[in-house]
Amino acid sequence: MHEMSLCEGVLQIIETEAKRQQFRKVKTVWLAIGVMSGVEIEAMRFCFDVIVRNTLADGATLEIIEVPAEAWCLECAQTVSIQQRYDACPHCGSYQLQVTSGEEMRIKELEVE
Amino acid sequence: MCTVCGCGTDTAEHSLIRGHSHSHAAGLSSARMVQIEQDILGKNNQYAAQNRRWLAERGILALNLVSSPGSGKTTLLTETLTRLQGKVPMAVIEGDQQTSNDADRIRATGVPALQINTGKGCHLDAHMVGHALESLPIANGGILFIENVGNLVCPAAFDLGEAHKVVILSVTEGEDKPIKYPDMFHAADLMILNKIDLLPYLTFDVAKCEEYARRVNPTIQILHVSATSGAGIEGWIDWLICAKPPIQA
């Protein structure tokens, strides 16, 4: 249930940006969430709706862009696609992988009025 | 389709177009796009960086102890405190949803402890720890143990400003925990396999467990310990002493 804290973080950023970039209403929020970020997308949606109630983002649409996971295989010396942390390299079977993407949780952009 | 300019991209493509600009002439539409590009955990990470700086200035080693409930974190901690008492200054931050039972157990050893009750929260965050640091007496060059809420999921994402996350896994749990909860084992620098005195009575496969842990984290260090019998505690104490930063003049 740390999605609740994450959504509070999203709202804080939105409120800070509202002052800085002069907007009063948020219509859409785009988040980029890595598939290995530990975020449960459905929980995120549920928490978002609860957290933004009676704020400038009340009723905003949440668009979540899932970022696929990639890792650098030390054996093959190339970027490979993985599904989970414990996956082996799809080419050589090695577990010597360094995750390079799929862990991010970012607010990308907002549609505002 | 992009709702602002109708540029015909769906959401997924939209994000992939670098430098795609949504600037419109003023007055054409009241809706506009604003670029944010910020880490959702940015605020927590700022607090964590402050904590890390505060700790570094005082030469304090901070460890974030994480595990599922019942792995023996508090028993390992009381055993560790008893052994290092009088040799190294220490303090403990205890995170639990409710009760001060764990802090009471720690204080019984004579080491100062501060209990944070997270209420409905499932993890400690860097802001809570920052406030705890203000009121917890800890001498320079000491060790701060932060016992996180028993939870192998959420605490993985929250940097508290610690030097290392230490994950404790007891052999009464499944050996596949490292791949069931890969985020935590990936985030930790050290895995302590606890309750090893019980191995003769269990079917826990130590080699398999270690293999799983290294799959999700090829550089993870592993220690075998029994907080109850004292087996392996020396190795853990040595690890602590080695991890301590040199005291700054």
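This report describes selected helices, strands, loops and side-chain arrangements in the structure shown above. The model is predicted.

**Two helices with a buried side**

In chain A, helix H2 spans residues 41-51. Its buried residues are Ile41(A), Ala43(A), Met44(A), Cys47(A), Phe48(A) and Ile51(A). These residues cover an arc of only 150 degrees around the axis, which puts them on the same side of H2(A). Glu42(A) and Phe46(A), by contrast, are exposed on the other side of H2(A). The cover over the buried residues of H2(A) includes H1, E1 and strand E2 (61-67) of chain A.

Helix H5 of chain B, residues 126-135, can be described in a similar manner. Its buried residues are Ala126(B), Val129(B), Gly130(B), Ala132(B) and Leu133(B). Viewed down the axis of H5(B), they fall within an arc of 160 degrees, so they line one face of the helix. Among the elements that cover the buried residues of H5(B) are helix H2 (42-57), strand E3 (90-96), strand E4 (113-117) and strand E5 (143-147) of chain B. The N-terminal end of H5(B) is capped by Asp125(B), which has a side-chain oxygen 3.1 Å from the backbone nitrogen of His127(B).

**A covered strand in chain B**

Strand E6 of chain B comprises residues 164-170, and six of its seven residues are buried. E6(B) pairs with strand E2 (residues 61-67) of chain B in the parallel sense, over five bridges. Within this pairing, Asn64(B) has Lys165(B) of E6(B) as its bridge partner. E6(B) also pairs with E7(B), in the parallel sense and over five bridges. Here Ile168(B) has Ile192(B) of E7(B) as its bridge partner.

**Buried residues in loops**

Which residues does Asn148(B) touch, not counting residues up to four places away in sequence? Asn148(B) is found in the loop between E5 and E6 of chain B, and it is buried, with a relative accessible area of 1%. Its contacts beyond those four places are Asn64(B), Leu65(B), Val66(B), Lys73(B), Gly95(B), His123(B), Leu124(B), Pro155(B) and Leu160(B). Asn64(B) thus appears both here as a contact of Asn148(B) and above as the bridge partner of Lys165(B).

Ala188(B) provides a second example. Ala188(B) is located in the loop between helix H7 (182-187) and E7 of chain B. Leaving aside neighbours within four places in sequence, Ala188(B) is in contact with Lys165(B), Val167(B), Asn217(B) and Ile220(B). Ala188(B) is 42 residues from Ile146(B) in sequence, and their C-alpha atoms are 14 Å apart in space.

**Loop residues with positive phi**

Gln22(A) is not a glycine, yet it has a positive phi of about 60 degrees. Gln22(A) lies in the loop between helix H1 (3-21) and strand E1 (26-34) of chain A. Lys195(B), likewise not a glycine, has a positive phi of about 65 degrees. Lys195(B) is placed in the loop between strand E7 (190-194) and helix H8 (206-216) of chain B.

The accessibility of several residues discussed in this report is listed below.

| Residue | Relative accessible area | Class |
|---|---|---|
| Gln22(A) | 64% | exposed |
| Lys195(B) | 22% | partly exposed |
| Asn148(B) | 1% | buried |
| Ala188(B) | 1% | buried |
| Trp236(B) | 0% | buried |
| Trp239(B) | 11% | buried |

**Aromatic side chains**

A pair of aromatic rings is described by the distance of the centres and the angle of the planes. How many aromatic pairs are there over all chains? The count comes to one. The rings of Trp236(B) and Trp239(B) have their centres 5.9 Å apart and their planes at 20 degrees; planes under 30 degrees apart count as stacked, so the pair is stacked. Both residues belong to helix H9 (residues 233-243) of chain B, where they are three residues apart and therefore separated by about one helical turn. Trp236(B) is buried at 0% relative accessible area, and Trp239(B) also counts as buried, at 11% relative accessibility.

Another tryptophan has a charged residue as its partner. Arg58(B) lies over the face of Trp54(B), at 3.9 Å from the ring centre.

Conventions: Residues are numbered from 1 along each chain as its sequence is written. Chains are lettered from A and ligands numbered from 1 in the order in which they are written. This is a predicted model: local features need pLDDT of at least 70, side-chain atom pairs count only at pLDDT 80 or more; totals for chains, interfaces and linings use all residues. Side-chain values use heavy atoms; hydrogens and water are left out. Helices (H or I, at least four residues) and strands (E, at least two) are DSSP runs, numbered from the N terminus. Buried means under 20% relative accessible area, exposed over 50%, partly exposed in between (1.4 Å probe, protein chains only). The arc is that of the directions from the helix axis to the C-beta atoms. Contact means heavy atoms within 4.5 Å. Two strands pair if DSSP finds at least two bridges between them. A polar contact is a pair of N or O atoms within 3.5 Å; within protein, one must be able to donate a hydrogen and the other to accept it, and residues adjacent in sequence count only if both atoms are side-chain atoms. Rings of Phe, Tyr and Trp (its six-membered ring) pair if their centres lie within 6.5 Å; planes under 30 degrees apart count as stacked, over 60 as edge-to-face and the rest as tilted. A charge sits over a ring if NZ of Lys or CZ of Arg is within 6 Å of the ring centre and within 35 degrees of the ring normal.
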